[in-house]
Amino acid sequence: GVVPELASREHLRALPMMVDRALDEARGPVELVAVTAGPGLIGALLVGVRFAAAFAWARRLPLVAVDHLEGHLVSPLLSLDGEAARPEPEPMLALVASGGHSSWYLMESDSRRRLGQTRDDAAGESFDKVAQVLGLGYPGGPAMDKLAREGDSQAVALPRPQLPDAPLDFSFSGLKSAAIRWVRTRGADELSTDGTVLRDFAASFEAAVVDQLLQPLPELARRHRPVALAASGGVAANTLLRRRLSDWGREHDLEVLLPAPALTTDNAVMIAAAGQAAHALGREDDPRRLDARAREAWQPPGMRRCESAASESR
Ligand code: KG4
Ligand code: ZN
(Lines give C-alpha, C1' and ligand atoms only; values in the text may rest on other atoms or scores of the structure.)
(Ligands and ions follow the chains in the order given, each with its own letter.)
Protein backbone atom coordinates (compact mmCIF):
# COMPACT_ATOMS: atom_id res chain seq x y z
CA GLY A 1 0.00 0.00 0.00
CA VAL A 2 0.87 3.66 0.34
CA VAL A 3 2.88 4.93 3.33
CA PRO A 4 1.35 8.37 4.12
CA GLU A 5 4.56 10.06 5.30
CA LEU A 6 6.54 8.84 2.27
CA ALA A 7 3.71 9.89 -0.07
CA SER A 8 3.83 13.47 1.28
CA ARG A 9 7.59 13.66 0.86
CA GLU A 10 7.38 12.30 -2.67
CA HIS A 11 4.75 14.94 -3.50
CA LEU A 12 7.09 17.64 -2.21
CA ARG A 13 9.93 16.27 -4.28
CA ALA A 14 7.99 15.66 -7.51
CA LEU A 15 5.66 18.67 -7.65
CA PRO A 16 8.13 21.46 -8.59
CA MET A 17 9.64 19.31 -11.36
CA MET A 18 6.23 18.31 -12.71
CA VAL A 19 4.94 21.89 -12.71
CA ASP A 20 8.08 23.13 -14.50
CA ARG A 21 7.62 20.49 -17.16
CA ALA A 22 3.91 21.21 -17.56
CA LEU A 23 4.65 24.95 -17.95
CA ASP A 24 7.28 24.19 -20.60
CA GLU A 25 4.80 22.07 -22.55
CA ALA A 26 1.74 24.32 -22.07
CA ARG A 27 0.41 25.87 -25.27
CA GLY A 28 -0.61 29.17 -23.67
CA PRO A 29 -0.34 31.21 -20.47
CA VAL A 30 -1.86 29.73 -17.29
CA GLU A 31 -5.18 31.39 -16.49
CA LEU A 32 -6.43 29.40 -13.51
CA VAL A 33 -5.04 27.13 -10.80
CA ALA A 34 -7.18 24.14 -9.78
CA VAL A 35 -6.09 21.92 -6.92
CA THR A 36 -7.44 18.77 -5.28
CA ALA A 37 -8.47 19.73 -1.74
CA GLY A 38 -9.84 16.32 -0.68
CA PRO A 39 -10.76 13.64 0.08
CA GLY A 40 -7.52 11.72 0.47
CA LEU A 41 -4.34 11.43 2.51
CA ILE A 42 -4.13 14.70 4.42
CA GLY A 43 -0.32 15.08 4.19
CA ALA A 44 -0.20 14.66 0.41
CA LEU A 45 -3.25 16.93 -0.01
CA LEU A 46 -1.64 19.66 2.11
CA VAL A 47 1.51 19.64 -0.01
CA GLY A 48 -0.60 20.13 -3.15
CA VAL A 49 -2.89 22.76 -1.65
CA ARG A 50 -0.05 24.89 -0.22
CA PHE A 51 1.95 24.59 -3.44
CA ALA A 52 -1.04 25.59 -5.60
CA ALA A 53 -2.03 28.43 -3.27
CA ALA A 54 1.51 29.88 -3.30
CA PHE A 55 1.69 29.48 -7.09
CA ALA A 56 -1.67 31.25 -7.59
CA TRP A 57 -0.85 33.99 -5.07
CA ALA A 58 2.57 34.75 -6.57
CA ARG A 59 1.17 34.93 -10.10
CA ARG A 60 -2.10 36.69 -9.18
CA LEU A 61 -4.10 33.82 -10.67
CA PRO A 62 -7.53 32.67 -9.52
CA LEU A 63 -7.48 29.51 -7.39
CA VAL A 64 -10.22 26.86 -7.27
CA ALA A 65 -10.39 23.90 -4.87
CA VAL A 66 -11.64 20.68 -6.48
CA ASP A 67 -13.13 17.59 -4.88
CA HIS A 68 -11.22 14.53 -6.07
CA LEU A 69 -14.46 12.66 -6.79
CA GLU A 70 -15.85 15.53 -8.86
CA GLY A 71 -12.67 15.16 -10.93
CA HIS A 72 -13.42 11.47 -11.53
CA LEU A 73 -17.08 12.27 -12.32
CA VAL A 74 -16.14 14.68 -15.14
CA SER A 75 -13.36 12.47 -16.55
CA PRO A 76 -15.65 10.53 -18.96
CA LEU A 77 -16.50 13.89 -20.60
CA LEU A 78 -12.85 14.61 -21.46
CA SER A 79 -10.56 13.68 -24.31
CA LEU A 80 -6.79 13.55 -24.37
CA ASP A 81 -6.37 15.90 -27.33
CA GLY A 82 -6.97 19.13 -25.41
CA GLU A 83 -10.54 19.62 -26.65
CA ALA A 84 -13.06 21.23 -24.28
CA ALA A 85 -15.14 18.84 -22.14
CA ARG A 86 -18.25 17.58 -23.92
CA PRO A 87 -21.61 18.63 -22.43
CA GLU A 88 -22.97 16.38 -19.69
CA PRO A 89 -25.84 14.19 -20.86
CA GLU A 90 -28.45 14.35 -18.09
CA PRO A 91 -29.60 12.62 -16.08
CA MET A 92 -26.58 10.30 -16.09
CA LEU A 93 -25.80 7.38 -13.78
CA ALA A 94 -22.09 7.42 -12.95
CA LEU A 95 -19.98 4.82 -11.21
CA VAL A 96 -16.77 5.92 -9.49
CA ALA A 97 -14.65 2.84 -8.74
CA SER A 98 -11.11 3.36 -7.49
CA GLY A 99 -8.71 2.26 -4.79
CA GLY A 100 -10.56 4.35 -2.20
CA HIS A 101 -14.14 4.70 -3.46
CA SER A 102 -16.89 2.66 -5.08
CA SER A 103 -20.12 4.63 -5.46
CA TRP A 104 -22.94 5.25 -7.90
CA TYR A 105 -23.95 8.88 -8.49
CA LEU A 106 -26.80 10.59 -10.26
CA MET A 107 -25.30 13.45 -12.28
CA GLU A 108 -27.54 16.31 -13.29
CA SER A 109 -26.37 19.72 -14.49
CA ASP A 110 -27.06 21.30 -11.11
CA SER A 111 -26.44 18.41 -8.75
CA ARG A 112 -24.51 15.29 -7.89
CA ARG A 113 -26.25 12.80 -5.70
CA ARG A 114 -24.66 9.69 -4.28
CA LEU A 115 -27.17 6.88 -4.63
CA GLY A 116 -25.32 3.82 -3.40
CA GLN A 117 -21.87 2.77 -2.31
CA THR A 118 -19.70 0.03 -0.93
CA ARG A 119 -20.26 -0.80 2.70
CA ASP A 120 -16.66 -1.87 3.25
CA ASP A 121 -13.71 -2.11 0.84
CA ALA A 122 -13.46 -0.25 -2.44
CA ALA A 123 -13.37 -2.33 -5.64
CA GLY A 124 -9.75 -1.41 -6.41
CA GLU A 125 -8.73 -2.16 -2.84
CA SER A 126 -10.16 -5.68 -3.10
CA PHE A 127 -8.26 -6.26 -6.38
CA ASP A 128 -5.10 -4.96 -4.66
CA LYS A 129 -5.48 -7.10 -1.53
CA VAL A 130 -6.12 -10.33 -3.43
CA ALA A 131 -3.27 -9.55 -5.85
CA GLN A 132 -0.97 -8.95 -2.88
CA VAL A 133 -1.73 -12.40 -1.43
CA LEU A 134 -0.91 -13.80 -4.88
CA GLY A 135 2.41 -11.89 -4.91
CA LEU A 136 1.44 -9.88 -8.00
CA GLY A 137 2.70 -6.51 -6.71
CA TYR A 138 0.89 -3.21 -6.13
CA PRO A 139 -1.45 -1.98 -7.49
CA GLY A 140 -2.79 -5.39 -8.43
CA GLY A 141 -5.79 -4.43 -10.60
CA PRO A 142 -3.92 -4.22 -13.92
CA ALA A 143 -2.12 -7.57 -13.31
CA MET A 144 -5.42 -9.30 -12.41
CA ASP A 145 -7.07 -7.82 -15.51
CA LYS A 146 -4.27 -9.17 -17.71
CA LEU A 147 -4.44 -12.68 -16.21
CA ALA A 148 -8.24 -12.71 -16.34
CA ARG A 149 -8.23 -12.19 -20.12
CA GLU A 150 -7.00 -15.76 -20.57
CA GLY A 151 -9.00 -17.37 -17.78
CA ASP A 152 -12.40 -19.02 -17.35
CA SER A 153 -14.63 -16.86 -15.16
CA GLN A 154 -16.84 -19.86 -14.29
CA ALA A 155 -13.95 -21.95 -12.96
CA VAL A 156 -13.90 -20.85 -9.31
CA ALA A 157 -17.17 -20.34 -7.41
CA LEU A 158 -16.98 -17.12 -5.37
CA PRO A 159 -19.75 -15.50 -3.29
CA ARG A 160 -21.63 -12.37 -4.34
CA PRO A 161 -23.18 -11.29 -1.04
CA GLN A 162 -26.23 -9.01 -1.14
CA LEU A 163 -27.40 -6.49 1.45
CA PRO A 164 -31.15 -7.08 1.83
CA ASP A 165 -31.63 -3.90 3.92
CA ALA A 166 -29.77 -1.69 1.40
CA PRO A 167 -30.35 -2.86 -2.19
CA LEU A 168 -28.40 0.10 -3.65
CA ASP A 169 -25.29 -0.57 -1.60
CA PHE A 170 -22.86 -3.42 -2.13
CA SER A 171 -20.02 -5.14 -0.34
CA PHE A 172 -16.64 -6.64 -1.17
CA SER A 173 -15.39 -7.95 2.17
CA GLY A 174 -17.11 -11.37 1.98
CA LEU A 175 -15.90 -11.89 -1.57
CA LYS A 176 -12.38 -10.75 -0.68
CA SER A 177 -12.15 -13.07 2.35
CA ALA A 178 -13.44 -16.04 0.34
CA ALA A 179 -10.92 -15.28 -2.41
CA ILE A 180 -8.01 -15.01 0.03
CA ARG A 181 -9.08 -18.27 1.72
CA TRP A 182 -9.15 -19.97 -1.67
CA VAL A 183 -5.60 -18.73 -2.45
CA ARG A 184 -4.26 -19.88 0.92
CA THR A 185 -5.46 -23.44 0.34
CA ARG A 186 -3.49 -23.66 -2.92
CA GLY A 187 0.21 -24.37 -3.22
CA ALA A 188 2.60 -21.82 -4.79
CA ASP A 189 3.39 -24.22 -7.66
CA GLU A 190 -0.32 -24.54 -8.47
CA LEU A 191 -0.60 -20.73 -8.69
CA SER A 192 2.39 -20.09 -10.95
CA THR A 193 1.87 -17.28 -13.46
CA ASP A 194 2.25 -19.66 -16.42
CA GLY A 195 -0.45 -22.08 -15.26
CA THR A 196 -4.18 -21.95 -16.02
CA VAL A 197 -5.29 -22.11 -12.36
CA LEU A 198 -4.18 -18.54 -11.61
CA ARG A 199 -5.78 -17.24 -14.82
CA ASP A 200 -9.08 -18.99 -14.05
CA PHE A 201 -9.03 -17.63 -10.51
CA ALA A 202 -8.28 -14.07 -11.72
CA ALA A 203 -11.14 -14.27 -14.24
CA SER A 204 -13.53 -15.64 -11.60
CA PHE A 205 -12.58 -12.97 -9.07
CA GLU A 206 -12.84 -10.17 -11.63
CA ALA A 207 -16.30 -11.38 -12.70
CA ALA A 208 -17.46 -11.39 -9.06
CA VAL A 209 -16.14 -7.85 -8.42
CA VAL A 210 -17.85 -6.56 -11.56
CA ASP A 211 -21.10 -8.33 -10.58
CA GLN A 212 -20.96 -6.61 -7.18
CA LEU A 213 -20.37 -3.18 -8.76
CA LEU A 214 -23.23 -3.63 -11.23
CA GLN A 215 -25.66 -5.19 -8.75
CA PRO A 216 -27.59 -1.91 -8.11
CA LEU A 217 -27.65 -0.82 -11.76
CA PRO A 218 -31.06 -2.25 -12.86
CA GLU A 219 -32.83 -0.73 -9.87
CA LEU A 220 -31.01 2.61 -10.25
CA ALA A 221 -31.94 2.79 -13.92
CA ARG A 222 -35.56 1.93 -13.12
CA ARG A 223 -35.75 4.68 -10.50
CA HIS A 224 -33.86 7.47 -12.30
CA ARG A 225 -34.42 6.83 -16.01
CA PRO A 226 -30.94 7.99 -17.08
CA VAL A 227 -30.07 8.89 -20.69
CA ALA A 228 -26.46 7.81 -20.21
CA LEU A 229 -24.14 5.66 -18.10
CA ALA A 230 -20.58 6.52 -17.12
CA ALA A 231 -17.73 4.97 -15.16
CA SER A 232 -14.52 6.49 -13.83
CA GLY A 233 -11.70 5.84 -11.37
CA GLY A 234 -8.83 3.38 -11.71
CA VAL A 235 -11.13 0.33 -11.88
CA ALA A 236 -12.90 1.87 -14.91
CA ALA A 237 -9.79 0.74 -16.83
CA ASN A 238 -10.90 -2.85 -16.21
CA THR A 239 -11.65 -4.70 -19.45
CA LEU A 240 -14.62 -6.70 -18.18
CA LEU A 241 -16.25 -3.74 -16.42
CA ARG A 242 -15.99 -1.65 -19.59
CA ARG A 243 -17.45 -4.47 -21.69
CA ARG A 244 -20.31 -5.19 -19.30
CA LEU A 245 -21.25 -1.48 -19.11
CA SER A 246 -21.13 -1.10 -22.89
CA ASP A 247 -23.31 -4.21 -23.33
CA TRP A 248 -25.79 -3.00 -20.70
CA GLY A 249 -26.01 0.40 -22.40
CA ARG A 250 -26.58 -1.18 -25.79
CA GLU A 251 -29.29 -3.49 -24.46
CA HIS A 252 -31.10 -0.64 -22.70
CA ASP A 253 -30.53 2.03 -25.32
CA LEU A 254 -28.33 4.24 -23.14
CA GLU A 255 -25.22 6.07 -24.20
CA VAL A 256 -22.15 4.79 -22.31
CA LEU A 257 -19.30 7.20 -21.54
CA LEU A 258 -15.96 5.66 -20.59
CA PRO A 259 -12.80 7.71 -20.14
CA ALA A 260 -9.67 6.88 -22.12
CA PRO A 261 -7.69 4.40 -19.95
CA ALA A 262 -5.09 7.12 -19.21
CA LEU A 263 -7.87 9.26 -17.70
CA THR A 264 -9.33 6.51 -15.49
CA THR A 265 -6.52 6.57 -12.96
CA ASP A 266 -5.85 9.67 -10.86
CA ASN A 267 -4.77 12.51 -13.13
CA ALA A 268 -4.49 16.28 -13.24
CA VAL A 269 -6.50 16.72 -16.45
CA MET A 270 -9.76 15.85 -14.68
CA ILE A 271 -8.95 18.22 -11.80
CA ALA A 272 -8.21 21.05 -14.24
CA ALA A 273 -11.49 20.39 -16.09
CA ALA A 274 -13.55 20.27 -12.89
CA GLY A 275 -11.83 23.45 -11.67
CA GLN A 276 -12.53 25.21 -14.96
CA ALA A 277 -16.22 24.28 -14.80
CA ALA A 278 -16.46 25.46 -11.19
CA HIS A 279 -14.70 28.73 -12.01
CA ALA A 280 -17.09 29.32 -14.90
CA LEU A 281 -19.91 29.04 -12.33
CA GLY A 282 -18.29 31.71 -10.18
CA ARG A 283 -16.24 29.67 -7.73
CA GLU A 284 -12.97 31.11 -6.44
CA ASP A 285 -11.02 30.22 -3.30
CA ASP A 286 -8.81 32.43 -1.16
CA PRO A 287 -5.20 31.21 -1.38
CA ARG A 288 -4.55 32.44 2.18
CA ARG A 289 -7.40 30.41 3.63
CA LEU A 290 -7.72 27.31 1.49
CA ASP A 291 -7.26 24.12 3.47
CA ALA A 292 -7.17 20.42 2.63
CA ARG A 293 -9.88 18.04 3.79
CA ALA A 294 -9.37 14.35 4.34
CA ARG A 295 -13.07 13.61 3.89
CA GLU A 296 -15.53 14.30 1.08
CA ALA A 297 -16.94 17.77 1.75
CA TRP A 298 -16.74 20.06 -1.26
CA GLN A 299 -19.95 21.61 -2.48
CA PRO A 300 -19.74 22.41 -6.20
CA PRO A 301 -21.04 25.97 -6.80
CA GLY A 302 -24.67 26.15 -7.83
CA MET A 303 -24.96 22.43 -7.18
CA ARG A 304 -26.58 20.36 -4.54
CA ARG A 305 -24.71 17.35 -3.35
CA CYS A 306 -27.37 15.26 -1.68
CA GLU A 307 -26.61 11.98 0.00
CA SER A 308 -29.00 9.08 -0.28
CA ALA A 309 -31.12 8.31 2.78
CA ALA A 310 -29.31 5.00 3.16
CA SER A 311 -25.90 6.70 3.21
CA GLU A 312 -27.06 9.36 5.66
CA SER A 313 -28.30 6.85 8.19
CA ARG A 314 -24.96 5.06 8.30
O1 KG4 B 1 -8.46 6.12 -9.24
P2 KG4 B 1 -7.19 5.48 -8.85
O3 KG4 B 1 -6.00 5.67 -9.74
O4 KG4 B 1 -6.71 5.90 -7.43
C5 KG4 B 1 -7.56 6.11 -6.35
O6 KG4 B 1 -8.12 7.23 -6.25
O7 KG4 B 1 -7.71 5.14 -5.60
O8 KG4 B 1 -7.50 3.91 -8.70
C9 KG4 B 1 -6.49 2.97 -8.42
C10 KG4 B 1 -7.10 1.59 -8.32
C11 KG4 B 1 -6.14 0.54 -7.78
O12 KG4 B 1 -6.79 -0.16 -6.74
C13 KG4 B 1 -5.90 -0.36 -8.99
O14 KG4 B 1 -5.64 -1.72 -8.66
C15 KG4 B 1 -7.20 -0.23 -9.74
O16 KG4 B 1 -7.54 1.13 -9.60
N17 KG4 B 1 -7.07 -0.59 -11.16
C18 KG4 B 1 -7.69 -1.64 -11.74
C19 KG4 B 1 -7.26 -1.66 -13.11
N20 KG4 B 1 -6.42 -0.60 -13.29
C21 KG4 B 1 -6.30 0.03 -12.09
N22 KG4 B 1 -8.53 -2.56 -11.25
C23 KG4 B 1 -8.99 -3.50 -12.09
N24 KG4 B 1 -8.63 -3.60 -13.40
C25 KG4 B 1 -7.78 -2.70 -13.95
N26 KG4 B 1 -7.44 -2.79 -15.24
ZN1 ZN C 1 -8.98 8.59 -7.62
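1. In this predicted model, the zinc ion (ligand 2) takes its protein donors from H68 (NE2), H72 (NE2) and D266 (OD), which lie 2.0 to 2.2 Å from the ion. Read along the sequence, these donor residues follow the spacing H-x3-H-x193-D, so that the two histidines stand four residues apart in helix α3, a separation of about one helical turn.

2. The geometry at the zinc ion (ligand 2) deserves a careful reading. Four donor atoms surround the ion, and because the angles they subtend run from 94 to 152°, the arrangement is classed as irregular. The reasoning rests on a cut-off, since four donors count as tetrahedral if all angles lie between 85 and 135 degrees, and the upper end of the range here is 152°. A further caution is that water is not among the atoms, so sites may look incomplete.

3. How buried or exposed are the two histidine donors? H68 has a relative accessibility of 13% and therefore counts as buried, and H72, at 0%, counts as buried too. The cut-off behind both statements is a relative accessible area under 20%, with only the protein chains counted as cover.

4. H68 also takes part in the surroundings of ligand 1, for an N or O atom in the H68 side chain is 3.5 Å from an oxygen atom of that ligand. A second oxygen contact of ligand 1 involves the backbone, where a polar atom of G99 is 2.8 Å from an oxygen atom of the ligand. On the nitrogen side, a polar side-chain atom of N238 lies 3.1 Å from a nitrogen atom of ligand 1. Taken alone, ligand 1 exposes 550 Å², of which the protein buries 86%.

5. The shell around ligand 1 can be described by its members and by its classes. It holds 20 residues, of which G99, D128, D145, G234 and T265 come nearest. By class, the shell consists of five nonpolar, 12 polar and three charged residues, where glycine is counted among the polar ones. Helices α3 (68-74), α4 (123-133) and α5 (141-148) each supply at least two residues of this shell, and helix α3 is also where the zinc donors H68 and H72 are found.

6. Two cis peptide bonds should be checked by anyone preparing the model for further calculation. The bond from G38 to P39 is cis, with omega near -10°, and P39 has its place in the loop between β1 (33-38) and α2 (42-59). The bond from E90 to P91 is likewise cis, with omega near -5°, and P91 lies in the loop between α3 and β3 (92-97).

7. Which residues other than glycine have a positive phi? R60 has a phi near 55° and lies in the loop between α2 and β2 (63-67); because its relative accessibility is 68%, R60 counts as exposed. R225 has a phi near 45° and is placed in the loop between α8 (217-224) and β6 (228-232); at 61% relative accessibility, R225 also counts as exposed.

8. Some pairs of residues help to relate sequence separation to distance in space. V210, in helix α7 (residues 196-214), is buried, with a relative accessible area of 1%, and its C-alpha is 9.1 Å from that of N238, which is 28 residues away in sequence. N238 is the residue whose side chain approaches a nitrogen atom of ligand 1. R243, in helix α9 (residues 239-251), is partly exposed, with a relative accessible area of 45%, and its C-alpha is 19 Å from that of the zinc donor H72, with their positions 171 residues apart in sequence.

9. How far apart in space are D110 and D189? Their C-alpha atoms are 55 Å apart, although the two residues are 79 residues apart in sequence. D110 is found in the loop between β4 (102-108) and β5 (111-117), and with a relative accessibility of 34% it counts as partly exposed.

Technical notes: Residues numbered from 1 in each chain as written. Chains lettered and ligands numbered in written order. Predicted model: local features only at pLDDT ≥ 70, side-chain atom pairs only at ≥ 80, totals over all residues. Heavy atoms only, no water. Near = heavy atom within 4 Å. Polar contact = N/O pair within 3.5 Å; in protein donor to acceptor, adjacent residues only side chain to side chain. Areas by Shrake-Rupley, 256 points an atom, 1.4 Å probe, with all protein chains shown as cover. Donors = N, O, S within 2.8 Å, 3.2 Å for Na, K, Ca; no water. Tetrahedral: all angles 85-135°; square planar, octahedral: opposite > 155°, others 65-115°. Buried < 20%, exposed > 50% of the residue type's maximum accessible area, 1.4 Å probe, protein only.
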